Amino acid sequence: MKVYGILGDPIGHSLSPVMHNAAFRKMMLPACYHAFCVSSDRLGPALKGAQALGFGGLNLTIPLKEKALELVRPDRLAEAIGAVNTVSFREEICGYNTDGWGALRALERYGVSVRGRAVLMIGAGGAARAIAYTLEQEGAEITIANRDVRRGEDLAGSVGGLGVGLEDLPALVPQADIIINATSVGMKEGPRLFPGSLLHSGQVVFDIVYNQRTELLEDASSAGAQAIDGVMMLVYQGAGSFEIWTGQKAPVDVMEKAVRESLLGRTAGHT
Ligand code: NAP
């Protein structure tokens with residue numbers, strides 16, 4: 001039996017165990033997946049311990065993705081992004097990042113191509129970095145709006161895009177083909193990033209928050225724009241990890257079903 005897991009802090013509400021255990025069952029692999037609460041200062045010993053114990057692989061989440069870079073051998077994409085969300089144990093501890101690929105596959109799943117399209121991404125944190133690098137490789141024209149303008153400009157500079165502040169959103173939102181919310185606004189209560197009246201039909205609005213239907217997506221639907229939530233990005237980033245670990249094609253439909261059922265249970269109060 002191979003053991004896999006996700007490390008993070010906090011980790012209690014991660015959907016990764018239910019998603020990956022469903023995949024392992026479907027593929028009849030002798031494997032199990034658990035969540036482990038690991039703080040930043042314990043990441044090094046946790047990775048070495050998992051390697052010594054013969055773990056199959058790990059996912060990393062907040063606050064460990066950036067810290068992991070100095071503890072593993074990252075591939076070129078993870079190094080460019082500056083964050084690791086997937087670890088595999090070979091002779092060395094290897095690091096990958098499947099978040100951007102997950103976002104791209106999610107957009108494709110809903111029939112959205114990014115090549116040559118004007119993408120306005122709000123956010124410049126870990127998830128935004130992964131998405132920006134992947135979409136740039138796919139030929140998107142990227143503008144990045146971030147609360148911390150300098151951080152947004154730095155990311156935009158590294159993907160050949162334009163970096164702006166949130167105060168520029170009213171001018172930019174109506175011009176964009178695809179608007180991506182990669183901030184944590186929407187996960188919790190808080191003011192909207194921009195008025196919903198700026199959106200219009202023909203646009204795609206992708207909010208990578210996956211644990212609830214956000215106000216942004218409600219605004220997009222009301223405006224006749226295509227509204228895409230973060231569930232399929234979560235599923236496809238997990239599928240990317242699964243394929244790195246096992247070399248087998250991930251059962252995406254089974255993983256999606258497990259995630260959606262788990263989210264429904266939470267909405268109904270059965271956490
Ligand atoms: P992060 O590295 O902490 O970045 C957070 C981003 O949100 C930064 O750009 C930050 O701006 C911005 N932000 C936070 N509060 C804000 C506010 N009140 N107003 C405006 N901007 C604000 O987090 P992350 O790992 O990138 O995650 C971001 C979101 O993506 C979370 O909701 C997470 O759950 C979601 N996510 C989803 C998936 C998926 O598979 N669907 C995968 C990864 C992450 P500053 O730079 O100015 O601080």
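**Exercise 1. In this predicted model, determine which atoms of Ala127 approach an oxygen atom of the ligand, and decide whether the pair counts as a polar contact.**

Solution. Step 1: a backbone N or O atom of Ala127 lies 2.8 Å from an oxygen atom of the ligand. Step 2: the cut-off for a polar contact is a pair of N or O atoms within 3.5 Å, and the pair formed by Ala127 therefore qualifies. Step 3: backbone N or O atoms of two further residues can be examined, with Ala124 placed 2.9 Å from a ligand oxygen atom and Leu234 placed 3.2 Å from one.

**Exercise 2. State how much of the ligand's area the protein buries, and describe the residues around the ligand.**

Solution. Step 1: the ligand taken alone exposes 930 Å², of which the protein buries 79%. Step 2: two elements, α5 (126-137) and α9 (231-246), each give two or more residues to the surrounding shell. Step 3: the ligand is surrounded by 23 residues, and the closest are Ala127, Asn146, Asp148, Arg151 and Ile208. Step 4: by class, the shell consists of 13 nonpolar, 7 polar and 3 charged residues.

**Exercise 3. Describe the largest nonpolar core and find which parts of the chain supply it.**

Solution. Step 1: this core has 53 residues, and those with the most contacts inside it are Ile131, Leu135, Ile144, Ile180 and Phe206. Step 2: the element that gives the most to the core is α9, with 9 residues. Step 3: domain 1 (2-97 + 234-269) and domain 2 (101-229) each supply at least three residues to this core. Step 4: as a general background, nonpolar side chains in soluble globular proteins tend to be buried together.

Key:
Residues are numbered from 1 along each chain as its sequence is written. This is a predicted model: local features need pLDDT of at least 70, side-chain atom pairs count only at pLDDT 80 or more; totals for chains, interfaces and linings use all residues. Side-chain values use heavy atoms; hydrogens and water are left out. A residue is near a molecule or strand if one of its heavy atoms lies within 4 Å of it. A polar contact is a pair of N or O atoms within 3.5 Å; within protein, one must be able to donate a hydrogen and the other to accept it, and residues adjacent in sequence count only if both atoms are side-chain atoms. Accessible areas come from the Shrake-Rupley method with a 1.4 Å probe; for residues, only the protein chains shown count as cover. Helices (H or I, at least four residues) and strands (E, at least two) are DSSP runs, numbered from the N terminus. Ala, Val, Leu, Ile, Met, Phe, Trp, Tyr, Cys and Pro count as nonpolar, Asp, Glu, Lys and Arg as charged, and the others, Gly among them, as polar. A nonpolar core is a set of buried Ala, Val, Leu, Ile, Met, Phe, Trp, Tyr and Cys residues joined through side-chain atoms within 4.5 Å. Buried means under 20% relative accessible area, exposed over 50%, partly exposed in between (1.4 Å probe, protein chains only). Domain bounds come from an automatic or database domain assignment.
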